[in-house]
Amino acid sequence: MKIFVCIKQVPDMASRFKVSKEGLWYDETDLAFRMNEYDEFAVEQAVQIKEQQGSAPDVTVLSIGPERVKEAIKKALAMGCDRGVHVQDNDSFRKDPWQIASIIAAFCRDKNFDLIFTGFQSQDRGSSQVGVLAAELLGIPCATTVVGFSLEGNTVTAKRELEGGVKAIVKTKLPALVTCQLGLNTPRYPTLPNIMKAKKKELLTLPVAELLQTKELTSTGTAYPPAKKGSGIVLEGDVNDLVEKLLSVLKEKTKVVK
Amino acid sequence: MKALLVCEFREGKLLDTTYELAAFADRLGAEKAMVLVGSESAVPAIDGKLYLAEGAKYGEYNPDAHKAVVLEAVKKEDPDCIVFLHSSYGWDLAPRVAAALRAGQVSEITDLRDGKFEVGFCNAKLRRTVVPQSGKMVLTIQSGAFSAAAAQGKAQIEKIDVSAGEKRLEFAGYEPAQKKEVDLASADVIVSAGRGVGKKENVAIIAALAKALGGELGASRPVVDAGWVDHGRQVGTTGQVVSPKLYIACGISGAIQHLAGMKKSEFIIAINKDKDAPIGEVADVLVVADVLQFVPALTARLQK
């Protein structure tokens with residue numbers, strides 16, 4: 001059994017973001033990067049299947065981007081993936097979801113993966129398109145926003161998260177692609193011995209030009225910070241002063257505190 | 001400009017979100033047509049042609065079958081854009097339609113700006129405009145971003161019947177939402193814990209403030225997923241939608257799914273270290289502070 005996981009490296013979302021000089025994306029200066037949160041669930045699910053099946057399945061993890069994304073791949077290897085593929089692309093932020101999906105599909109085409117996991121969306125772009133597009137390009141079924149997963153023989157049973165806490169249970173046969181929602185499992189922290197072991201695992205680098213054969217279908221016009229909405233008050237300073245200030249606002253504006 | 005609106009239907013009911021799609025089409029100044037896999041007894045009250053495929057034949061949402069129906073409506077109507085809500089239905093189906101049409105997709109549109117589509121990125125801390133480069137466009141709009149149009153028209157029904165094809169994904173039933181431990185919707189005051197509380201033990205600090213204010217404890221999704229707070233207290237699209245007199249968000253950054261569940265609260269206070277957190281966009285007061293320092297101080301002062 002061959003399992004494939006697609007991951008992305010994204011900035012820490014608690015960062016302060018500025019628009020880049022070019023005006024199309026965020027400025028990377030001073031940002032700390034990490035594995036996209038949704039993708040941690042994808043990696044964990046792949047590794048759990050490997051463990052459930054006595055280590056027999058082979059797990060490949062792929063990431064597209066500049067040199068720094070190797071750190072995310074190394075984390076996935078330390079979590080238990082077998083080999084990494086780095087699609088070297090310093091301009092990956094310019095690629096639209098269609099192109100990213102095309103790159104993934106081009107890599108997968110002759111590999112016969114049985115099961116592909118991606119995150120439901122990336123935390124930075126958040127298009128939630130790439131997984132579904134890749135499945136469509138590969139001609140395999142796909143379940144999105146999955147919060148429950150089990151595999152019996154050749155049959156996948158997945159729980160899709162719908163609005164209001166309702167879940168839809170769907171079944172499909174392998175090969176299939178699943179996009180992982182937060183809460184699907186509990187992603188593990190890599191242990192030190194596993195981090196050391198991961199250093200010896202194969203990490204293949206491919207230039208993006210070898211895999212990209214499509215033009216973009218959407219492009220960014222301009223990027224800008226959101227307009228400050230509403231008349232919200234911002235309180236800053238010493239904690240005890242803040243408590244007094246907030247209490248006086250509460251007394252004035254609400255009937256909750258008298 | 002012609003827009004094909006893809007209406008949502010679940011368990012015998014047309015979802016109200018259809019009227020948000022209509023409002024978006026009106027903003028675009030587009031002529032409206034609709035497609036629905038559903039029933040003649042529950043069609044949208046919107047002027048325009050409605051391509052109706054009998055739900056009984058296709059069952060509950062099935063990606064292959066619904067894609068075939070939407071593509072048939074696209075063939076008949078030849079729209080410039082195909083519009084979905086960015087929901088569990090829309091984000092699942094839209095890319096399948098886009099791939100089949102080789103059309104560019106713009107996801108989770110929040111507004112129109114200079115005739116271009118505005119979307120958020122980096123957890124809505126930045127915005128950008130997106131320009132499709134293809135003939136047809138597939139669009140998904142953010143839930144709640146476009147106020148629903150009035151239900152005062154009449155759709156002209158044209159039935160379509162296409163082969164549902166091979167259903168590679170089989171629908172095997174719904175699992176109902178977990179029983180609510182508390183009915184947050186009836187609380188006057190809700191104090192919610194977010195990821196910023198750091199660990200499970202610290203939830204007690206937030207619960208103490210809720211108690212001091214005579215309110216209920218709520219939580220954001222990551223806190224519930226981590227098992228720190230029971231799902232019955234989750235506020236947001238996949239939890240409860242609330243509008244108390246006072247909502248205090250403690251260490252919650254403000255993902256759109258959370259905002260959609262609480263932004264109609266009468267008065268909103270956000271306590272967050274991050275001055276740029278998107279929760280600030282809906283807050284009446286943003287207290288820039290560490291929740292673990294500020295909340296105990298506020299609780300102690302209230303108890304005096």
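**Exercise 1.** Which strand of chain B does strand 13 of chain A join, and how many bridges are there?

*Solution.* This is a predicted model: local features need pLDDT of at least 70, side-chain atom pairs count only at pLDDT 80 or more, and totals for chains, interfaces and linings use all residues. Residues are numbered from 1 along each chain as its sequence is written, and chains are lettered from A and ligands numbered from 1 in the order in which they are written.

Step 1. Strands (E, at least two residues) and helices (H or I, at least four residues) are DSSP runs, numbered from the N terminus. Two strands pair if DSSP finds at least two bridges between them.

Step 2. Strand 13 of chain A is joined by 3 bridges to strand 17 of chain B, residues 285–288, and the two run parallel.

Step 3. Within strand 17 of chain B, B:Val285 stands opposite A:Ile233.

**Exercise 2.** Describe the side of chain A that touches chain B.

*Solution.* Step 1. Residues are in contact if their C-beta atoms, placed from the backbone, lie within 7 Å. The contact takes 68 residues from chain A and 70 residues from chain B.

Step 2. Elements of chain A that each supply at least two residues to this side include helix 3 (97–108), strand 7 (142–152), strand 13 (233–235) and helix 6 (239–253). Helix 6 of chain A gives the largest share, 8 residues.

Step 3. Sort the residues by class: Ala, Val, Leu, Ile, Met, Phe, Trp, Tyr, Cys and Pro are nonpolar; Asp, Glu, Lys and Arg are charged; the others, Gly among them, are polar. The side of chain A that touches chain B then has 33 nonpolar, 20 polar and 15 charged residues.

**Exercise 3.** Trace the sheet that holds strands of both chains.

*Solution.* Step 1. The order is 11(A)-5(A)-4(A)-1(A)-6(A)-10(A)-7(A)-8(A)-9(A)-12(B), an open sheet of 10 strands with mixed pairing.

Step 2. Strand 11 (203–207) of chain A and strand 12 (169–175) of chain B are the edge strands, each pairing on one side only.

Step 3. Strand 6 (residues 115–119) and strand 10 (residues 176–180) of chain A pair in the parallel sense over 5 bridges; A:Gly119 has A:Cys180 as its bridge partner in strand 10 of chain A.

Step 4. Helix 4 of chain A packs on the sheet, touching strand 6, strand 7 and strand 10 of chain A. The direction of helix 4 makes about 65 degrees with that of strand 7 of chain A (axes are lines fitted to C-alpha atoms, for helices over the stretch in contact; angles run from 0 to 180 degrees between N-to-C directions).

Technical notes
Contact = placed C-beta atoms within 7 Å.
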